[in-house]
Amino acid sequence: MVLIHVVRGFGTTMRHLKSVKLKKVKGASSHEWLSRQLTDPYVEKAKIMNYRCRSAFKLLEIDDRFKILRPGFVVIDCGAAPGSWSQVAVRRVNSDGSDPKQAQGLVLSIDKQQIFAINGATILGNLDFTDVKSQEILVEVLGGKKADAVISDMAPNASGFKELDNENIIKLCYSVLRFAVQNSRAGACLVVKLWQCGQAKQLENDFSKFYASVKYVKPNSSRSDSAEIFLLGRDFKGLKN
Ligand SMILES: C[S@@+](CC[C@H](N)C(=O)[O-])C[C@H]1O[C@@H](n2cnc3c(N)ncnc32)[C@H](O)[C@@H]1O
């Protein structure tokens, strides 16, 4: 079932955080996970600032540095659950209209999992971004608008095989790149998450065909022991007819 709704209120945020914790505190590595959560300043800060998870700070850092989100912008958040990037995007593009003096943006949040309602975001839950049908729904919801920013924090489920996981995340990146190129306005930007791996250079080269400025970014809030890195393309060159 496709759920599309724009809602008011952050009522589900804390409940969601709790359910995430309960889910994770199982299994052999649960102590490690729990102690890291308890000592991680970004986890605490996320709770205080009412963000659904610590990932919010990665996008905040990227945006503070590169100014990719502005009031009035149309943003597509791929792999949005539980929703902290969308929360950041809503505030920065004013898609909830909380600042009447600024242009009101649009945030479309898509994930293959359920996403609990976010004030000011259009939620497309239970949809695999890589499916053609999901992308058709996104285009339909865009209603003729083009994206100013496509952001992807998508990651595949870990298989336990590094090579396979790397291959899968690169596939997700290319799926986002293809969609962004077809649905962005000239000048737009694209952010994708990947893990540092052999295919990263090719991805960067392919980004450069479409974006005038391309660089890797590792926000301070991205754990230093993680291979996670973000590829940022700015100033989309546009598609020639
Ligand atoms: C690290 S989480 C994203 C966290 C999110 N940025 C936030 O701040 O709340 C990665 C997400 O990517 C989603 N994902 C992975 N593959 C996907 C796909 N093919 N289509 C849609 N979502 C996908 C997962 O379901 C997961 O929710």
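Helices (H or I, at least four residues) and strands (E, at least two) are taken here as DSSP runs, numbered from the N terminus. The model is a predicted one, so to speak of local features a pLDDT of at least 70 is needed, side-chain atom pairs count only at pLDDT 80 or more, and totals for chains, interfaces and linings use all residues. Residues are numbered from 1 along each chain as its sequence is written, and side-chain values use heavy atoms, with hydrogens and water left out.

Two spots in the backbone stand out for a look. Asn 50 sits in the loop between helix H3 (41–48) and helix H4 (56–66), and its phi is near 65°, a positive value in a residue other than glycine. Pro 82 belongs to the loop between strand E1 (74–78) and helix H5 (84–93), and the peptide bond leading to Pro 82 from Ala 81 is cis, with omega near 5°. Most residues other than glycine have a negative phi, and most peptide bonds are trans.

Then there is the ligand. It is surrounded by 20 residues (a heavy atom within 4 Å), with Gly 83, Ser 84, Asp 111, Asp 128 and Asp 153 the closest. By class, that shell holds 10 nonpolar, five polar and five charged residues (nonpolar: Ala, Val, Leu, Ile, Met, Phe, Trp, Tyr, Cys and Pro; charged: Asp, Glu, Lys and Arg; polar: the others, Gly among them). As for polar contacts (N or O atoms within 3.5 Å), side-chain atoms of Asp 111 and Gln 113 lie 2.7 Å and 3.0 Å from ligand oxygen atoms, while a polar backbone atom of Phe 129 is 2.8 Å from a ligand nitrogen.

Finally, helices H7 (residues 162–183) and H8 (residues 200–210) pack at about 0°, their axes 11 Å apart. H7 is therefore roughly parallel to H8 (angles under 35 degrees). Among the residues in contact (heavy atoms within 4.5 Å) are Tyr 174 and Leu 177 of H7 and Leu 203 and Phe 207 of H8.

How values were computed
A polar contact is a pair of N or O atoms within 3.5 Å; within protein, one must be able to donate a hydrogen and the other to accept it, and residues adjacent in sequence count only if both atoms are side-chain atoms. Axes are lines fitted to C-alpha atoms, for helices over the stretch in contact, and angles run from 0 to 180 degrees between N-to-C directions. Angles under 35 degrees count as roughly parallel, over 145 as roughly antiparallel, 65 to 115 as roughly perpendicular and the rest as oblique.
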